[in-house]
There are 2 protein chains.
Amino acid sequence: MAGASGGALAAEVYLGGGFGFLAAGYDSPDNVVKEIDIARSHLTGSCTTDRLPIGVGFLGWQLEKSTSRANELLSIVLDNHVQAIWLAFGQELGQHIQFIRDYENNLGRDTKVAIFIQTSFLDDAIVAAREWKVDVIVVQGVEAGGHGPGKALPLMTLLPEVLGALGSDSPVVLAAGGLATGAQIAAMLALGASGAVLGTRFLLTPESTYTDAQKEALALADSRSTTRTMAFDYARNTLGWPAGIDGRGLRNRTVEDFEKGESMDNIRPKFLEGVQKGDRERMLVWAGTGVGLMNNVQPAKIVVQELYKDCANHLRVVAAMLKPVADNT
Amino acid sequence: MAGASGGALAAEVYLGGGFGFLAAGYDSPDNVVKEIDIARSHLTGSCTTDRLPIGVGFLGWQLEKSTSRANELLSIVLDNHVQAIWLAFGQELGQHIQFIRDYENNLGRDTKVAIFIQTSFLDDAIVAAREWKVDVIVVQGVEAGGHGPGKALPLMTLLPEVLGALGSDSPVVLAAGGLATGAQIAAMLALGASGAVLGTRFLLTPESTYTDAQKEALALADSRSTTRTMAFDYARNTLGWPAGIDGRGLRNRTVEDFEKGESMDNIRPKFLEGVQKGDRERMLVWAGTGVGLMNNVQPAKIVVQELYKDCANHLRVVAAMLKPVADNT
């Protein structure tokens with residue numbers, strides 16, 4: 001969640017009992033160091049090892065702009081001994097993975113960083129599992145907020161497809177896309193995922209770096225408020241995504257003007273002014289379809305704890321269904 | 001499932017441990033009587049009451065072509081004492097429900113038919129629950145095969161939204177759309193649904209009235225083979241659906257020609273010939289996104305039994321997760 005998830009959010013998620021990622025999407029090496037330091041300061045006294053119990057997420061296509069910069073960024077996070085690296089949206093993810101594995105070998109560490117690959121396609125999941133031998137595959141459905149392939153399948157279809165193809169010697173598979181509640185996490189576990197990834201829900205926390213205006217827009221939105229679009233990438237000039245990738249965010253006049261074919265020369269100044277003023281009708285707010293299921297800002301720690309309780313309650317309900325099942329089979 | 005689900009399929013689903021519906025979509029009163037008789041013959045000796053343990057599904061917009069015909073069709077199924085009536089895609093569903101309730105009152109029966117309303121929108125679900133006081137609401141996501149609103153939300157978003165709004169005094173809520181496996185049913189139960197509805201999976205049974213060519217096409221299809229379209233309704237002249245409704249089926253050249261803007265005068269003869277010859281590139285095969293998760297024709301009874309076992313296995317896995325949860329909360 002570039003621009004939304006820094007070291008504070010990643011650390012607080014861990015302190016709540018989850019595992020959080022710092023998004024290094026467009027960040028400079030200096031910024032990444034700064035955010036890692038923030039994470040470390042939140043975690044002082046809470047970790048029993050040198051390893052920093054957060055992950056760092058990268059956009060493949062940003063890394064691929066320059067190999068030396070990619071290597072610098074990856075080295076920084078490896079030197080800081082984070083527990084996981086998340087890679088998405090790249091043409092050369094296999095090369096980054098190779099760099100990571102080689103770098104670690106040179107460091108001579110016992111424990112390896114867990115490599116997460118995010119994908120919305122079965123073929124990519126198979127490559128990640130069999131060729132790259134990654135640790136975790138994050139399967140992201142079309143419901144997801146932020147960037148992803150506009151033609152991704154719904155999660156309820158995509159996840160069983162991937163699980164079925166990978167079989168029992170698969171890496172850990174996590175479900176992502178539109179998930180916002182413990183009930184949905186329980187559903188993903190029942191479907192066969194080993195866990196779930198929530199993005200939008202953590203934008204509605206004091207620790208996320210979204211603005212108050214963006215958080216208010218999220219709290220007010222319902223499940224039908226989101227759309228997939230390239231309007232914001234044009235408006236803020238973050239083009240360069242691989243083919244077929246767009247982003248899901250709250251629909252507003254920036255999107256409508258873009259769809260009507262208005263020129264960026266007209267759209268961009270209004271967008272930038274809207275961002276400045278916190279104008280919901282113009283600014284960018286990434287959001288998944290689960291946005292209708294959340295309406296208040298809560299500390300990330302509390303969010304994780306509530307998700308856990310909600311999930312456990314739903315698991316208890318289905319566990320209770322097993323009694324008559326046992327009598328019948 | 002008009003044209004696919006007759007009395008034999010509905011009855012065999014019941015005999016497997018499920019509850020099946022006979023689809024009376026475009027049927028004449030004579031046909032409905034015939035299919036009910038087929039169901040009854042399958043069920044002779046298996047029922048302990050006079051009530052026929054199947055349901056009958058109607059298309060609202062077909063009933064609404066003529067009130068007298070609607071009343072005739074509804075009377076037939078009520079006289080035959082079916083256990084459930086399913087209504088979908090109508091502007092006047094409330095009136096049909098009123099007719100059903102009045103007719104039953106006149107019959108003076110103790111047990112009432114269960115009324116199922118299928119919807120993809122929260123507002124409609126609220127009307128069905130609070131005004132019409134229906135027994136069951138079938139919440140259908142955009143993944144569903146056959147007809148539905150093209151702008152429906154994915155099931156993983158829609159279902160929590162409906163469950164959250166209806167609260168605890170809600171009618172029974174069932175999940176529908178793209179579901180094909182016991183794992184998916186377990187997921188829907190974990191999410192909070194009281195059960196799940198599967199369509200496409202039951203097309204791949206000897207009892208469905210789909211042709212062998214259609215069944216073969218289903219067995220060969222994957223999750224990315226489906227599309228939402230009006231091509232087939234134009235080609236076979238089944239227009240008259242409420243605004244915003246289209247159908248999800250296997251993508252083929254009939255769809256492609258329609259999207260290219262070719263005239264129906266060109267498309268229709270090729271379509272009709274394709275239907276005749278069982279040509280996959282031309283004929284109509286409705287299918288939900290779960291079609292990639294099935295590949296063989298099995299008796300409906302066996303399908304239900306396998307779904308049940310698969311679902312129970314997935315529930316057992318999540319139930320086993322509760323031990324550490326219990327230690328932690």
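Okay, let's start with a word we'll need: a residue is buried if its relative accessible area is under 20%, exposed if over 50%, and partly exposed in between, using a 1.4 Å probe and protein chains only. The other bit of vocabulary is the helix, which here is a DSSP run of H or I with at least four residues, numbered from the N terminus.

A quick word on where this comes from. This is a predicted model, where local features need pLDDT of at least 70 and side-chain atom pairs count only at pLDDT 80 or more, while totals for chains, interfaces and linings use all residues. Residues are numbered from 1 along each chain as its sequence is written, chains are lettered from A and ligands numbered from 1 in the order in which they are written, and side-chain values use heavy atoms, with hydrogens and water left out.

So, helix H8 of chain A, residues 182–191. How many of its residues are buried? 10 of the 10, so H8(A) is largely enclosed by the rest of the structure. Going along the helix, the buried residues are A:Gly182, A:Ala183, A:Gln184, A:Ile185, A:Ala186, A:Ala187, A:Met188, A:Leu189, A:Ala190 and A:Leu191. Right after H8(A) comes A:Gly192, with a positive phi near 125 degrees.

Keep A:Ala187 in mind while we look at the two chains. In general, two copies of a chain are related by a rotation about an axis and a shift along it. Here, a turn of 180 degrees and a shift of 0.0 Å along the axis lay chain A on chain B with an RMSD of 0.0 Å; the fit is by least squares on the C-alpha atoms of residues with pLDDT of at least 70 in both. The two copies are thus related as by a two-fold rotation axis. Which residue of chain A comes closest to that axis? A:Ala187, with its C-alpha at 2.0 Å. And 100% of the interface residues of chain A are also interface residues in chain B, so the copies meet through the same surface.

Here's one residue that reaches across. B:Thr157 sits in helix H7 of chain B, residues 155–166, and with 0% relative accessibility it counts as buried. Leaving aside neighbours within four places in sequence, B:Thr157 is in contact (heavy atoms within 4.5 Å) with A:Glu143, A:Ser223 and A:Thr289.

Next, helix packing. Axes are lines fitted to C-alpha atoms, for helices over the stretch in contact, and angles run from 0 to 180 degrees between N-to-C directions. Angles under 35 degrees count as roughly parallel, over 145 as roughly antiparallel, 65 to 115 as roughly perpendicular, and the rest as oblique.

Take H1(A), residues 7–16, which packs against H2(A), residues 29–43, at about 30 degrees with the axes 7 Å apart. That makes H1(A) roughly parallel to H2(A). On the H1(A) side the contact includes A:Ala8, A:Ala11 and A:Leu15, and on the H2(A) side A:Ile38, A:Ala39 and A:Leu43 are among the partners.

H1(A) also packs against H14(A), residues 300–320, at about 40 degrees, with the axes 7 Å apart. Those two are therefore oblique to each other. Among the residues that meet there are A:Leu9 and A:Val13 from H1(A), and A:Ala300 and A:Val304 from H14(A).

Last topic: aromatic rings. Rings of Phe, Tyr and Trp (its six-membered ring) pair if their centres lie within 6.5 Å; planes under 30 degrees apart count as stacked, over 60 as edge-to-face and the rest as tilted. Over all chains, the structure holds 22 such pairs. In one of them, A:Phe19 and A:Phe21 have ring centres 5.4 Å apart and planes at 80 degrees, so that pair is edge-to-face. Buried or partly exposed, for each of the two? A:Phe19 is partly exposed at 32% relative accessibility, whereas A:Phe21 is buried at 17%.

Then there's A:Phe232 with A:Phe271, a tilted pair, 6.1 Å centre to centre and 50 degrees between the planes. A:Phe232 lies in H11(A), residues 231–236, and A:Phe271 in H13(A), residues 264–277, so the pair ties together parts 39 residues apart in sequence. Both rings belong to buried residues: A:Phe232 has 0% relative accessibility and A:Phe271 has 3%.

And back to A:Phe19 and A:Phe21 to finish: ring pairs link them with A:Trp86 and A:Phe116 into a cluster.
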